[in-house]
Amino acid sequence: MKVVGGLFVVVFTLALVSGCIGQRVFPDVYNVTEEVSPEGIEYDPQNNRFVIGSLTTGFVRAITPSGNISVLVNDDRIRMGTFGIDYYNGNLYIAVTNNSALALRGGVYTPGNVQSALAVADATTGVVTRFIDLTPFGNPNRMWANDVAVTSPGVVHLTDAAGRQLWRVELSSGSVQTLNDSLFATNGSSSGVNLNGIKPVGNVVITCATDSGLFFRITQNQTVSIINNLRIPGCDGIRTTGKSPPTIVVSTRARIYEITSSDNFVSASILQSQNTTYGSVATSALVQTGTSEQTVYSLNRPSAAPYAIERTLTISGAVSFTPSPSSSPSSSPTSSPSPCGCTASPSPCGSNRNNNNDVIINFYFA
């Protein structure tokens, strides 16, 4: 299928995902043959589509189940490059940086010219409603806004993959705080990709370091500890399934993992894993495909196009809830009679969850 005058070509197989007929149906593979260098992928349950960023153009694109691709967010301020994306209550939270984009565009990485920011865009219209510059709160020689997560209503955390720190952004005031901990550098390289994926799980936040493969547990009083018995070198994106006990999905270049814990991620273990077809995964997205099932779609980004979004793991026993048709973007998800609606009892669709199963906590730096 050619879209927008031939700029995009999407090829997909017609083996469809089982589950919510006519509602959450996606092909097994999408091949995007434009040089967009996508890094971050997220599923938008409100509009039933994927969104992907771009290291080269910065634009955020939307991909529908039928394979249509269109530019959704094209604000000039994000054109430096977009990485991780998180959906929360009708908005897209986007990690913006020019770190890797400089080299991909043929530019020169010069110490002192690195920038990072958080952009918030309406998931339906693509209009950027907030843009918060993180550059003053990082090292201008080493800074890289890599991934992003809403960790409590109005509070967003981003990983600095080069600066070995976390940014905490309070949206109401625009204030930015940083969390640095010596543990983040444990067994890591001096120049590699450090903190990467990030997600809230229960009352803690989980992040991982790509270079060391270590995972970190961060409490509400900003105590950092290494999660025991878990090390996955090359770890990248993290997603939360909403299962009980909680599990997370971790992407690496060649394999996707489901990780479980029985002690609130003091320790963790691998529940299942699966190789990817293309062996160059960056991040993944979760799609609710049944009343107790989610499907993982992984974004493969080799050194050159085509880029593929492929169906990988099936997560069984996942809590299922999606916004009801009457929900407004700013409201919390509510119960729905839909096969893909909130069917668990008691209902998990309270105000402490977003639309992609993440448990949202009140998480503050001291």
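Two strands count as paired here if DSSP finds at least two bridges between them. Keep that in mind for the close-ups below, which come from a predicted model.

**View 1. Strand S17 sits in the middle of two hairpins, with S16 before it and S18 after it.** S17 covers residues 204-209, and six of its six residues are buried, so the strand is largely enclosed by the rest of the structure. The cover is on both faces: Val-204, Ile-206 and Cys-208 are buried on one side, and Val-205, Thr-207 and Ala-209 are buried on the other. On the S16 side (residues 195-201), the pairing is antiparallel over five bridges, and Ile-198 stands opposite Thr-207. On the S18 side (residues 214-218), four bridges join the antiparallel strands, with Val-205 facing Ile-218 across the pair.

**View 2. A look at the two turns that flank S17, each with a glycine at positive phi.** The S16-S17 hairpin has two residues between its strands, and Gly-202 takes a positive phi near 65 degrees there. In the S17-S18 hairpin there are four residues between the strands, and here Gly-213 has a positive phi near 80 degrees.

**View 3. Strands S12 and S13 make another hairpin.** S12 (residues 145-152) is mostly covered, with eight of its eight residues buried. Its partner S13 (residues 155-160) pairs with it in the antiparallel sense over five bridges. Look for Ala-145 opposite Asp-160. Two residues lie between the strands, and Gly-154 in the turn has a positive phi of about 85 degrees.

**View 4. The open sheet S8-S9-S10-S11 has four strands with antiparallel pairing.** At the edges are S8 and S11 (128-133), each with a single partner strand, so one side of each is left without a neighbour in the sheet. Going from strand to strand, neighbours in this sheet are turned by 15 degrees against each other on average, direction ignored. S8 and S9 run antiparallel and are joined by five bridges; one place to pick up the pairing is Tyr-88, whose bridge partner in S9 is Asn-91.

**View 5. Two buried polar residues, Asn-98 and Ser-116, with their side-chain contacts.** Asn-98 lies in the loop between strand S9 (91-97) and helix H1 (99-104). Its relative accessibility is 7%, so with the buried cut-off at under 20%, Asn-98 counts as buried. The Asn-98 side chain reaches the backbone nitrogen of Gln-115 at 2.8 Å. Ser-116 belongs to strand S10 (residues 116-122) and is buried too, with a relative accessible area of 1%. The Ser-116 side chain makes a polar contact with the side chain of Thr-97 at 3.2 Å.

**View 6. A second open sheet, ordered S20-S21-S22-S23, has four strands and antiparallel pairing.** S20 and S23 (269-275) take the edge positions, each with a single partner strand, so one side of each has no neighbour in the sheet. The average turn between neighbouring strands is 20 degrees, direction ignored. Zoom in on S22 (residues 255-260) and S23, which run antiparallel and are joined by six bridges. Thr-260 has Ser-269 of S23 as its bridge partner.

**View 7. The second largest cavity holds about 40 Å³ of space.** A search of the whole structure turns up three cavities of 30 Å³ or more. The second largest cavity is lined by Gly-40, Ile-41, Gly-84, Ile-85, Asp-147, Gly-237, Ile-238, Arg-239, Thr-283 and Ser-284. Strands S8 (82-88), S20 (238-240) and S24 (281-290) are the elements that give two or more residues to this lining. By class, the lining splits into three nonpolar, five polar and two charged residues.

**View 8. The largest pocket holds about 240 Å³ of space.** Its lining is made up of 18 residues, and the closest to the pocket centre are Glu-39, Asn-196, Asp-236, Arg-253 and Arg-301. Taken by class, the lining of the largest pocket has seven nonpolar, seven polar and four charged residues.

Key
Residues numbered from 1 in each chain as written. Predicted model: local features only at pLDDT ≥ 70, side-chain atom pairs only at ≥ 80, totals over all residues. Heavy atoms only, no water. Buried < 20%, exposed > 50% of the residue type's maximum accessible area, 1.4 Å probe, protein only. Polar contact = N/O pair within 3.5 Å; in protein donor to acceptor, adjacent residues only side chain to side chain. 1 Å grid on protein atoms, 1.4 Å probe; cavity = no way out; pocket = protein on both sides within 12 Å on 5 of 7 lines; lining within 4 Å. Points joined across faces, edges and corners; volume = space filled by probe spheres on them. Nonpolar A, V, L, I, M, F, W, Y, C, P; charged D, E, K, R; others polar. Axes fitted to C-alpha atoms, helices over the stretch in contact; angles between N-to-C directions.
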